[in-house]
Amino acid sequence: MFTDGRYFLQARQQMDDNWTLMKRGLPGVPTWQEYLTDHLPAGTRVGIDPTLLSSAEGTSLKETLNARGNGDLVAIEENLVDIVWGSQRPPRPQDKVFIHDVKYAGESHMDKITRVRAGFESLDTDGLVVAALDEIAWLFNLRGSDIDYNPVFFAYALVTKADVTLYIDDAKLDSNVRSHLQGIKTRPYSAIFGELDELSASLVQSKRKLLAGQNASWALVKALGEDNVKVDKSPITMLKSLKNSTELDGMRQCHIRDGAAMANYFGWLEHELLFNGGHLRLSEVDVADKLEELRRAQKHCVGLSFDTISSVGPNGAIIHYSPKRGSDALLDVNKMYLCDSGGQYLDGTTDVTRTYHFGTPSAWERECFTRVLKGHIALDRAVFPSGTSGYALDPLARLPLWELGLDYRHGTGHGVGSFLNVHEGPQGVGMRMNYLSAGFQHGMTITNEPGYYEDGSFGIRIENTCLVVKTETKFDYTGGAGGYLTFEPVTMVPIQKKLIRSGLLNEDEK
């Protein structure tokens, strides 16, 4: 089992002795691709479902296997697991998609398509294959419910200079959506592979190429013919990440309502634990359900943006812990409580983490919390030239922990969609090399979420969602080329003061 630092503890708890845990990212630990090529005999043919592997990964692995004694990576037409699954495999969701009103989107879908097409010339391409579900939802101003917590739907899209085609099951479209899509071709979801194959002949003849995003599947690229495709960053990724004024205001407004739900929740939780017998009676799932109830009562709330991480004591050290009723822990006023949660609203998406202690925290817990807070404040107050990467800013959040020889095994921040996926790129704050090529620009969103996790004891994380905005500086060394940026936190949820060792904070931090 190959996984990264977010899941080391969880994997160790859930795997039996038949598994070996490969802790990706640690010195001497290979990737699954390296392990595969190093341990298979020369000449091995490896079968794989090409729809489940990106083109870049498929091409790289195939080339590596080819170079090792005539080995090969073989795309299989029918997934072998699906064959075994047979009739017991659940059908693809057929829920209706719905229109994301322009009063929330801030731009019509036809204007978005025009902007995408305007970039074809500079990209030296005749069209774009769109496979990322959030990019399709954004482009057409549509939303769905095919994937839990993410308002997206299963579809593909093809945008050329002449036509726009949405590949989606017909049952998902009602009359309102059909009217909304006037002038756009709709075709069955699975028809894209055959139609790309047919299109490949004309691309060969014209010696032109289509662009496919870096995460487009190997199956899509093979259907077009690898010589007919330029695999690169999808222009929609950046367009989507730069929120317009309507979306930015929506993010501000939905976080006010979300903050009201969170404040009500922590007020209720404190009362229940300290004055109403909730100590060692309420479970992690019980209180997560209460939070969902309070959040759903807010205006424009559609649901949650991810499964709530409601974790007490040692469970807080499991970075992506998900409590299950029956095996979840009871809340204990003598232990730290970490809650990472978020909501989907028509006007935005939220993601917030707070760590509370309803009894008397230890001196060590307070020191760790305060050092996490110092890192959070350092990133929150940062001022930097437009185009600065999150890779460069990441040490600001870790330095107070590094000073004590501590750290955390996850990124410090990720982009957040506008009533879309709670994790959005290309921007992020962390040690991933791809963040070097995704500099911050005005209009982006980002979370600020340093943490610290002590296995078997507790977890700490403090997370706000922020907008990336322009700021005024006394001087402008950039000479007007983009100016300077800072983060505008929009999360409105109190941080518990009794966990802070004020003596560790300097005057600016206080």
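Which residues do ring pairs link into a cluster? They are Tyr265, Phe266, Trp268, Tyr356 and Phe358. The model is predicted. It holds 12 aromatic pairs and 0 disulfides. This briefing starts with one strand and its neighbours, then turns to rings, charges and cysteines.

**Strand 9 and its neighbours**

- Strand 9 covers residues 164–167, and both of its faces are covered.
- Val164 and Leu166 lie on one side, and both are buried.
- Thr165 and Tyr167 lie on the other side, and they are buried too.
- In a regular strand, side chains alternate between the two faces of the sheet.
- Strand 8 (residues 156–160) runs antiparallel to strand 9, and 4 bridges join the two.
- A hairpin of 3 residues leads from strand 8 to strand 9.
- Strand 10 (residues 185–187) runs parallel to strand 9, with 3 bridges between them.
- Leu166 has a partner in each neighbour: Ala157 stands opposite Leu166 from strand 8, and Thr186 is its bridge partner in strand 10.
- Helix 9 (residues 175–180) joins strand 9 and strand 10 in a right-handed β-α-β unit.

**An aromatic pair across the chain**

- A pair of aromatic rings is described by the distance of the centres and the angle of the planes.
- The structure has 12 aromatic pairs. One of them is Phe384 with Phe440: the ring centres are 5.9 Å apart and the planes meet at 50°, so this pair is tilted.
- The pair links distant parts of the chain, as Phe384 and Phe440 are 56 residues apart.
- Phe384 belongs to strand 19 (residues 383–385), while Phe440 is in the loop between strand 21 (424–429) and strand 22 (445–448).
- Phe384 has 3% relative accessibility, so it counts as buried.
- Phe440 has 0% relative accessibility, so it counts as buried as well.

**Charges over rings**

- The charged end of Lys222 sits over the ring of Trp218, 5.0 Å from the ring centre.
- The charged end of Arg398 sits over the ring of Tyr408, at 4.0 Å from the ring centre.

**Cysteines without a bond**

- Why is there no bond between Cys254 and Cys301? Their sulfurs are 9.7 Å apart, which is too far. A disulfide needs the two sulfur atoms within 2.5 Å.
- Cys301 is the cysteine whose sulfur is closest to that of Cys254. In turn, the nearest cysteine sulfur to Cys301 is that of Cys254.
- Cys254 has 0% relative accessibility, so it is buried.
- Cys301 has 16% relative accessibility and also counts as buried, because the cut-off is under 20%.

Key. Residues are numbered from 1 along each chain as its sequence is written. This is a predicted model: local features need pLDDT of at least 70, side-chain atom pairs count only at pLDDT 80 or more; totals for chains, interfaces and linings use all residues. Side-chain values use heavy atoms; hydrogens and water are left out. Buried means under 20% relative accessible area, exposed over 50%, partly exposed in between (1.4 Å probe, protein chains only). Helices (H or I, at least four residues) and strands (E, at least two) are DSSP runs, numbered from the N terminus. Two strands pair if DSSP finds at least two bridges between them. A crossover is right-handed if, with the strands pointing away from the viewer, the path from the first strand over the helix to the second runs clockwise. Rings of Phe, Tyr and Trp (its six-membered ring) pair if their centres lie within 6.5 Å; planes under 30 degrees apart count as stacked, over 60 as edge-to-face and the rest as tilted. A charge sits over a ring if NZ of Lys or CZ of Arg is within 6 Å of the ring centre and within 35 degrees of the ring normal.
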